[in-house]
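Subject: Structure handover

Hello,

Here is the structure we spoke about. Please open it first, then read the notes underneath.

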Amino acid sequence: MKRYQVIEVAVPEYPILRLTFKDGVTGDLDLSKDIARGPLFAPLKDEAIFREVAIAEDGRSFGWRLDEVGSEIDYGADAARADVETALVKKRAECYRARMQHAAE
């Protein structure tokens with residue numbers, strides 16, 4: 001299995017992260033469902049805290065409070081990459097369906 005590294009993370013709008021991976025792939029990760037459930041993600045309901053996202057030293061994860069052992073909220077780069085790729089494929093499929101529907105009209 002390929003191991004991914006995140007080299008850049010930005011917050012284009014709350015609660016979405018824009019991730020850029022070392023191989024150049026960039027995509028958005030919507031964390032609204034994660035934030036809505038459970039106490040682990042409760043701090044991320046505060047947009048100011050959400051915007052403090054950081055990348056771990058090795059780029060293999062990203063998250064919040066990474067220096068606070070026991071209080072950190074982190075995501076692995078590999079799992080995030082799978083989610084980003086899934087979202088990209090869904091978006092492309094929606095565009096394709098829209099073009100096919102428009103062409104059929």
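E5 and E6 run antiparallel and are joined by 4 bridges. One of the pairings puts Trp64 opposite its bridge partner in E6, Ile73. Please keep in mind that this is a predicted model.

The sheet around E5

E5 covers residues 61-64. Its other link is to E4: 2 bridges join the two strands, again antiparallel. Ala54 has Gly63 as its bridge partner in E5. Ile55 has Phe62 as its bridge partner in E5. E4 and E5 also make a hairpin, with 5 residues between the strands. Within that hairpin, Gly59 takes a positive phi near 75°.

Put together, this is an open sheet of 3 strands in the order E4-E5-E6, with antiparallel pairing. Why does one side of E4 and of E6 lack a neighbour in the sheet? E4 (54-55) and E6 (73-76) stand at the edges and have a single partner strand each, so one side of each stays without a neighbour.

Is E5 covered on its faces or left open? Both faces are covered. Ser61 and Gly63 lie on one side, Phe62 and Trp64 on the other, and all are buried.

Trp64 also turns up in the surroundings of Ile49. Ile49 sits in helix H2, residues 47-50. Apart from neighbours within four places in sequence, Ile49 is in contact with Pro43, Leu44, Trp64 and Arg65. Ser32 is 17 residues from Ile49 along the chain, and their C-alpha atoms are separated by 14 Å.

The chain as a whole

The protein chain has 3 helices and 6 strands. From the N terminus, their order is β-β-β-α-α-β-β-β-α. The C-alpha atoms fill a box of roughly 55 × 30 × 20 Å along the principal axes. Of the 105 residues, 32% count as buried. Now take the contacts with a separation of 6 or more: residues 24 or more positions apart account for 41% of them.

The E2-E3 hairpin

E2 and E3 run antiparallel too, joined by 5 bridges. Ile16 is paired with Asp30 in E3. The two strands form a hairpin with 4 residues between them. Gly24, in the turn, has a positive phi of about 100°.

Which side chains of E3 point to the buried face? Gly27 and Leu29 do, and both are buried. Thr26, Asp28 and Asp30 point to the other face and are not buried. The side chains alternate along this strand.

The largest pocket

Asp28, Leu29 and Asp30 of E3 come up again here. The largest pocket holds about 640 Å³ of space. It is lined by 23 residues, and the closest to its centre are Asp28, Leu29, Asp30, Asp83 and Ala87. Several elements give two or more residues to the lining: strands E1 (6-13), E2 (16-21) and E3 (26-30), and helices H1 (32-36) and H3 (77-104).

Which element gives the most to the lining? H3 does, with 8 residues. By class, the lining has 8 nonpolar, 4 polar and 11 charged residues.

Along H3

Three residues of H3 are worth a look. Asp78 lies in this helix. Its relative accessibility is 17%, under the 20% limit, so Asp78 counts as buried. The Asp78 side chain makes a polar contact with the side chain of Arg60, at 2.9 Å.

Ala98 is also in H3. Is Ala98 buried or partly exposed? At 43% relative accessibility, Ala98 counts as partly exposed. Ala98 and Val69 are 29 residues apart along the chain, and 47 Å separates their C-alpha atoms.

Met100 has its place in H3 as well. With a relative accessible area of 39%, Met100 is partly exposed. Phe62, one of the buried residues of E5, makes a reference point for Met100. The two are 38 residues apart in sequence and 38 Å apart in space, C-alpha to C-alpha.

Best wishes

Notes
Residues numbered from 1 in each chain as written. Predicted model: local features only at pLDDT ≥ 70, side-chain atom pairs only at ≥ 80, totals over all residues. Heavy atoms only, no water. 1 Å grid on protein atoms, 1.4 Å probe; cavity = no way out; pocket = protein on both sides within 12 Å on 5 of 7 lines; lining within 4 Å. Points joined across faces, edges and corners; volume = space filled by probe spheres on them. Nonpolar A, V, L, I, M, F, W, Y, C, P; charged D, E, K, R; others polar. Buried < 20%, exposed > 50% of the residue type's maximum accessible area, 1.4 Å probe, protein only. Pairing = 2+ DSSP bridges. Polar contact = N/O pair within 3.5 Å; in protein donor to acceptor, adjacent residues only side chain to side chain. Contact = heavy atoms within 4.5 Å.
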